[in-house]
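Trainee: Got a minute to go through this one with me?
Mentor: Yes, put it up and ask away.
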Amino acid sequence: MDNRTKEAIRYLGYGRQEADEQTLGLVADAFRELDETAKPRSIYRTFELQWKQTDTIRIEMMEIHSRNLSKNLKGCRQVVLLCGTLGIEVDYLIKRYSYTEMAKAVVMQACAAALLEEYLDERQEEIRTEMKKQNLYLRPRFSPGYGDFSILHQREILTLMEASKKIGLTMTESSMLTPTKSVTALIGLSTTQENCHQKGCEVCGKKDCIYRRES
Ligand code: SF4
């Protein structure tokens, strides 16, 4: 079973249980359709990171107070802001199925979430390769909404990145990203190598790492 299928099955709540043949078939169909429909786009940019206090950082006009994020970025002087989306076409596709075949819409939601993660992982690998040339190493990506990093900062990130103009990514009054299958994230740049696990601290074996993200 490939990684994206495993992830989709996990999002569907199967845990360690085996997904039945019918579900696996629906997942395969959903990925096929999503691959044809999605128009993934992303942007990233490096910013200077200013430390105001132990738990408060500043990136241009954005000031963030978060103990969890500060711990993750400890020792970093620069940070990458990353915005990525699968495009509005995926929202339309899921909506269409939610009117006609609810089971398929649910599976498609899970598959789209897995596809978005896969896409961001790939983008992150490209950034890793690029930064390595400058002897900089990536910390795991950290999104608004993780721990005590407020979701409200998403608006400032979108503004800083001109995400609306560049990749059509905006947000609603209630802080929901539009298109919905989108992500904003920070990735700390460090001069010391931590070999951060691509999937983040939760699955990383370095249990004694001082930058470990608390869940
Ligand atoms: S625990 Fe692992 S993934 Fe998390 S910061 Fe440390 S090395 Fe990176």
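Mentor: We can take the sheet, then the cores, the cysteines and a helix; keep in mind that this is a predicted model.

Trainee: Fine. In what order do the strands of the open sheet come?
Mentor: The order is S1-S5-S9-S6, four strands with antiparallel pairing.

Trainee: Which strands stand at the edges?
Mentor: S1 (41–48) and S6 do. Each has a single partner strand, so one side of each is left without a neighbour in the sheet.

Trainee: How many bridges join S1 to S5?
Mentor: Eight, and the two strands run antiparallel. If you want a register point, look at Tyr44, which stands opposite Leu82 in S5.

Trainee: And S5 to S9, how many there?
Mentor: Eight bridges as well, between S5 (residues 78–85) and S9, again antiparallel. Thr85 stands opposite Ser182 in S9.

Trainee: What about S6 and S9, how many bridges?
Mentor: Two, with S6 covering residues 137–138 and running antiparallel to S9. Tyr137 has Ser190 of S9 as its bridge partner.

Trainee: How many residues of S9 are buried?
Mentor: Nine of its nine, over residues 182–190. Both faces are covered. One side carries Ser182, Thr184, Leu186, Gly188 and Ser190, and the other carries Val183, Ala185, Ile187 and Leu189.

Trainee: On to the cores. Which residues touch the most other members of the largest nonpolar core?
Mentor: Leu34 and Cys111, in a core of 32 residues. The elements giving two or more residues to this core are helices H1 (3–11), H2 (21–37), H4 (88–100) and H5 (102–132), plus strands S5 and S9.

Trainee: Which element gives the largest share of this core?
Mentor: H5, with 11 residues.

Trainee: What does Leu34 touch?
Mentor: Leaving out residues up to four places away in sequence, Leu34 touches Val90, Leu93, Met108, Cys111, Ala112 and Leu115. There is also a second, separate core of 25 residues, and Leu158, Leu160, Met171 and Leu186 are among them.

Trainee: Back to H5 for a moment. Is Arg123 buried or exposed?
Mentor: Arg123, which sits in H5, counts as buried at 15% relative accessibility, because the cut-off for buried is under 20%. Beyond its neighbours within four places in sequence, Arg123 is in contact with Ser42 and Tyr44.

Trainee: Cysteines next. How many disulfides does the structure hold?
Mentor: Zero.

Trainee: Why does Cys83 not form a bond with the closest cysteine?
Mentor: Because the closest cysteine sulfur, in Cys76, is 18 Å from the sulfur of Cys83, which is too far for a bond.

Trainee: Is Cys83 buried or exposed?
Mentor: Buried, with a relative accessible area of 0%. Cys209 is also buried, at 19%.

Trainee: Last topic, H6. Which of its residues are buried?
Mentor: In H6 (residues 153–161) they are His153, Gln154, Ile157, Leu158, Leu160 and Met161. Seen down the helix axis, these buried residues fall within an arc of 165°, so they line one face of H6.

Trainee: Why would residues three or four places apart point the same way?
Mentor: Because an α-helix has 3.6 residues a turn.

Trainee: And which residue follows H6?
Mentor: Glu162, whose phi is positive, near 50°.

How values were computed. Residues are numbered from 1 along each chain as its sequence is written. This is a predicted model: local features need pLDDT of at least 70, side-chain atom pairs count only at pLDDT 80 or more; totals for chains, interfaces and linings use all residues. Side-chain values use heavy atoms; hydrogens and water are left out. Buried means under 20% relative accessible area, exposed over 50%, partly exposed in between (1.4 Å probe, protein chains only). Two strands pair if DSSP finds at least two bridges between them. A nonpolar core is a set of buried Ala, Val, Leu, Ile, Met, Phe, Trp, Tyr and Cys residues joined through side-chain atoms within 4.5 Å. Contact means heavy atoms within 4.5 Å. A disulfide is a pair of cysteine sulfur atoms within 2.5 Å. The arc is that of the directions from the helix axis to the C-beta atoms.
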